[in-house]
Amino acid sequence: MIHTENLTKVYRMGDAEVHALRDVNLEIKDGEFIAIKGPSGSGKSTLLNMIGCLDTPTSGSVFIDNTDTATLNENELAEIRREKIGFIFQQFNLVHTLNAVENVALPMFFAGVRRDTRLKRAEELLVNVGLGDRVHHKPSELSGGQQQRVAIARALSNDPEVVIGDEPTGNVDTETGNAIMDILEGLNKEGRTIIVVTHDPEIAAHAGRTKRMRDGMVLD
Ligand SMILES: Nc1ncnc2c1ncn2[C@@H]1O[C@H](COP(=O)(O)OP(=O)(O)OP(=O)(O)O)[C@@H](O)[C@H]1O
Ligand SMILES: [Mg+2]
């Protein structure tokens, strides 16, 4: 389970302060599929980055399986990111010089998985997202929706309990967006926790629960 306690993030830009998150208290149960909506600048990405241990709070805490992540050092945080969490970004964030199967295998490289094992698993993951015929394509040789499916396969490479998507359908058309949400729903049915940020109510409708953010606060 993931929960936050009075999670606060203040960005300081010279003399100015931006309160990106204000005392957020949110609980996400294991196996839940939650969508977070809210206008641009309301703090959605900031919240996901904190939950995904990509960034640290100004005050307050993120708890993952009852561990206060604020007590962990950089190595321990990296281990949580590697073992428990898969991240999908709006801009796909694939490595452009690597082909699909190499992109998907990359987190397994960092986890110390041997080469033949990681390439085999990466190929299986690509087959599962419908890209078995595109494994040797570079990102520039794939459509936006295909690139996002490579990114989903990559997020699954270390078999994470939690999949976090920051507008995973933001750069694809509606039909492809729905196909991506179908994949996430399937992952949720396997028992994984899914946390997705979206502007799109149709996309949010795939989730079991929806939360709204405004001005750094999580509303109902
Ligand atoms: N690294 C940063 N430095 C300074 N301010 C930041 C930084 N990252 C985000 N902010 C500010 O924090 C606030 C929340 O940003 P955030 O990216 O979380 O919004 P968002 O809800 O994800 O918006 P969008 O829907 O446009 O992606 C914004 O006002 C933003 O300008
Ligand atoms: Mg954002």
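Student: Where is the place of Asp159?

Tutor: In this predicted model, Asp159 is in the loop between α5 and β8, the strand that covers 162-166.

Student: Is Asp159 buried, partly exposed or exposed?

Tutor: Asp159 counts as partly exposed, because its relative accessibility is 46% and that class runs between the 20% and 50% cut-offs.

Student: And what about the phi of Asp159?

Tutor: Phi of Asp159 is near 55 degrees, which is a positive value in a residue other than glycine. Most residues other than glycine have a negative phi.

Student: What does phi look like at Asp23?

Tutor: Asp23 isn't a glycine either, and its phi is positive, about 45 degrees. Asp23 belongs to a strand, β2, which takes in residues 16-24.

Student: Which residues does Asp23 touch, skipping those up to four places away in sequence?

Tutor: With those left out, Asp23 touches Asn6, Leu7 and Thr8. You can also check Glu5: 18 residues separate it from Asp23 in sequence, and the C-alpha to C-alpha distance is 7.2 Å.

Student: OK, zooming out. How many helices and strands are there in the protein?

Tutor: The protein has 7 helices and 11 strands. Its radius of gyration is 17 Å, close to the 17 Å the globule rule gives for 220 residues, so the protein is as compact as a globular protein of that length.

Student: What does the C-alpha trace span along its principal axes?

Tutor: About 50 × 40 × 35 Å.

Student: And how many of the contacts link residues 24 or more positions apart?

Tutor: Counting contacts with a separation of 6 or more, 72% come from residues at least 24 positions apart. As for burial, 46% of the 220 residues are buried.

Student: What about the surface that the protein exposes?

Tutor: The protein exposes about 10700 Å², and carbon and sulfur atoms supply 47% of that. On the charge side, there are 24 positive and 33 negative charges, and their mean positions are 2 Å apart.

Student: Let's go inside. Which residues of the largest nonpolar core touch the most other members?

Tutor: Leu126, Val150 and Leu184, out of 34 residues in that core. Several elements each give at least two residues to this core: β4 (33-37), α3 (100-110), α4 (115-128), α5 (144-155), α6 (174-189), β9 (193-197) and α7 (201-204).

Student: Which residues is Leu184 in contact with, leaving aside its neighbours within four places?

Tutor: Phe33, Ile88, Val163, Pro168, Ile194 and Val196. Apart from this core lies another one, of 25 residues, and Ile2, Val24, Ile64 and Ile195 are among them. In soluble globular proteins, nonpolar side chains tend to be buried together.

Student: Tell me about Ile195, then. Why does it count as buried?

Tutor: Because its relative accessibility is 0%, and buried means under 20%. Ile195 lies in strand β9.

Student: What is Ile195 in contact with, beyond its neighbours within four places in sequence?

Tutor: Ile2, Ile28, Ile34, Ile36, Leu48, Ile51, Val162, Val163, Ile164 and Gly165. Phe110, by contrast, is 24 Å from Ile195, C-alpha to C-alpha, with their positions 85 residues apart in sequence.

Student: Where does Ile85 lie?

Tutor: Ile85 lies in strand β7 and counts as buried, with 9% relative accessibility. Setting aside residues up to four places away, Ile85 touches Ile51, Gly52, Ile64, Ile80, Pro160, Val162 and Ile164.

Student: How about Leu47, how far is its C-alpha from that of Ile85?

Tutor: The two C-alpha atoms are separated by 14 Å, and the residues are 38 apart along the chain.

Student: Switching to Thr46: buried or exposed?

Tutor: Thr46 counts as buried, at 10% relative accessibility. Thr46 is in helix α1, residues 44-51, and it touches Lys9, Tyr11, Ala20 and Leu21, not counting residues up to four places away in sequence.

Student: Last one, where is the place of Leu98?

Tutor: Leu98 is in the loop between β7 (85-88) and α3. Leu98 is partly exposed, with a relative accessible area of 22%.

Student: Which residues does Leu98 touch, not counting those up to four places away in sequence?

Tutor: Asn103, Leu106, Lys138 and Pro139. Glu202 is 33 Å from Leu98, C-alpha to C-alpha, and 104 residues away in sequence.

Terms used:
Residues are numbered from 1 along each chain as its sequence is written. Chains are lettered from A and ligands numbered from 1 in the order in which they are written. This is a predicted model: local features need pLDDT of at least 70, side-chain atom pairs count only at pLDDT 80 or more; totals for chains, interfaces and linings use all residues. Side-chain values use heavy atoms; hydrogens and water are left out. A nonpolar core is a set of buried Ala, Val, Leu, Ile, Met, Phe, Trp, Tyr and Cys residues joined through side-chain atoms within 4.5 Å. Buried means under 20% relative accessible area, exposed over 50%, partly exposed in between (1.4 Å probe, protein chains only). Helices (H or I, at least four residues) and strands (E, at least two) are DSSP runs, numbered from the N terminus. Contact means heavy atoms within 4.5 Å. The radius of gyration is taken over C-alpha atoms; the globule rule is 2.2 Å times the number of residues to the power 0.38. Accessible areas come from the Shrake-Rupley method with a 1.4 Å probe; for residues, only the protein chains shown count as cover. Lys and Arg count as positive and Asp and Glu as negative; His and the chain ends are not counted. The place of a charge is taken as NZ of Lys, CZ of Arg, CG of Asp or CD of Glu.
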